[in-house]
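Colleague: I am new to this structure and should be grateful for a guided reading. May I put some questions to you once it is shown?

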Amino acid sequence: MSSFQGKSVLVLGGSRGIGAAIVRRFAAEGAVVTFTYGQSGQAAHELAAATGSKAVMTDSADRDAVIAQVRASGPLNILVVNAGIGIFGDALDQDPDAIDRLFRINVHAPYHAAVEAARQMPEGGRIIVIGSVNGDRMPVAGMASYALSKSALQGLARGLARDFGPRGITINVVQPGPIDTDANPADGPMKDLMHSFMAIKRFGRPEEVAGMVAWLAGPEAGFVTGAMHTIDGAFGA
Ligand code: NDP
């Protein structure tokens with residue numbers, strides 16, 4: 001496969017899980033891939049070595065570091081913002097600083113990264129943000145901050161699609177349902193509850209999400225922008 005041959009790709013949050021699958025997919029198709037990581041330096045460097053990509057430590061909670069990394073990555077053909085965290089538990093007990101950090105990672109970083117990328121992005125550029133089906137549907141308690149952050153990405157995509165569309169740059173949100181990663185293991189305690197909401201009663205694979213990202217980044221998706229693309233086994237249906 002080589003449909004992204006020579007394309008310049010930056011994945012924010014690529015060391016593990018869905019982000020790592022996205023890195024592998026673009027690298028396998030010939031792209032020149034840089035990805036960021038936060039805590040998982042060893043996994044990041046192993047992935048970089050295995051895929052011929054470049055790993056750089058950039059904390060997505062640090063706005064200026066994110067902007068600087070996007071700028072340093074030069075003109076990008078494709079930006080994928082995948083880094084995201086969840087904080088679960090009673091809203092009345094949660095540390096407000098931790099909640100604000102979640103908003104910096106899940107909302108502020110995608111906004112600032114997308115805007116910075118667009119400064120240098122050529123015609124045909126693609127911006128893809130990993131949201132969540134929880135942006136549409138939140139069927140359990142204790143995840144309001146996460147749901148808020150993922151809903152916010154919908155407005156981000158709708159708005160920036162208007163700003164960048166005239167330049168031939170698209171922006172879309174991919175909204176996974178339960179995907180088997182460290183953050184949400186398929187054999188974890190939430191398994192039966194998750195399955196109860198779904199028509200296809202299994203967790204998705206990171207590679208399935210990467211496939212949707214690759215399609216949105218590719219030549220067939222040039223007329224697709226400002227839109228949410230859910231991949232969730234009908235969790236949100
Ligand atoms: P994981 O926890 O398995 O991986 C998260 C990735 O994001 C890691 O590479 C991590 O890097 C990176 N990351 C997190 N915080 C930061 C930070 N502050 N700075 C830099 N990188 C960071 O999560 P998933 O793969 O499951 O999730 C990826 C995305 O998909 C998230 O946005 C999540 O909300 C979304 N999603 C996931 C679902 C699921 O069921 N798995 C469902 C719906 C949406 P490092 O370890 O190096 O810090």
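**Helix α7 and the sheet**

Modeller: In α7 of this predicted model, the residues Pro206, Val209, Ala210, Met212, Val213, Ala214, Leu216 and Ala217 are buried.

Colleague: Against which elements do the buried residues of α7 pack?

Modeller: Helix α7 covers residues 206-217. Its buried residues pack against one helix and several strands, namely α1, β4, β5, β6 and β7.

Colleague: What span does α7 reach from its first C-alpha to its last?

Modeller: The helix has 12 residues. At 1.5 Å a residue, the expected span is 16 Å, and α7 comes close to this, reaching 16 Å.

Colleague: In what order do the strands of the open sheet stand?

Modeller: The sheet has 7 strands, and their pairing is parallel. Their order is β3-β2-β1-β4-β5-β6-β7.

Colleague: Why is one side of β3 and of β7 left without a neighbour in the sheet?

Modeller: Strands β3 (54-57) and β7 (227-231) stand at the edges of the sheet. One side of each is left without a neighbour because each has a single partner strand.

Colleague: Which residue of β3 stands opposite phenylalanine 35?

Modeller: Strand β2 comprises residues 32-37 and runs parallel to β3, with 4 bridges joining the two. Opposite phenylalanine 35 stands a residue of β3, alanine 55.

Colleague: What angle does the direction of α1 make with that of β2?

Modeller: Helix α1 (residues 17-28) packs on the sheet and touches β1, β2, β4, β5 and β6. Its direction makes with that of β2 an angle of about 165°.

Technical notes: Residues are numbered from 1 along each chain as its sequence is written. This is a predicted model: local features need pLDDT of at least 70, side-chain atom pairs count only at pLDDT 80 or more; totals for chains, interfaces and linings use all residues. Two strands pair if DSSP finds at least two bridges between them. Two residues are in contact if their C-beta atoms, placed from the backbone, lie within 7 Å. Axes are lines fitted to C-alpha atoms, for helices over the stretch in contact, and angles run from 0 to 180 degrees between N-to-C directions. The expected span of a helix is 1.5 Å times one less than its number of residues. A residue is buried if 20 or more other C-beta atoms lie within 10 Å of its own, exposed if 12 or fewer, and partly exposed in between; C-beta atoms are placed from the backbone.
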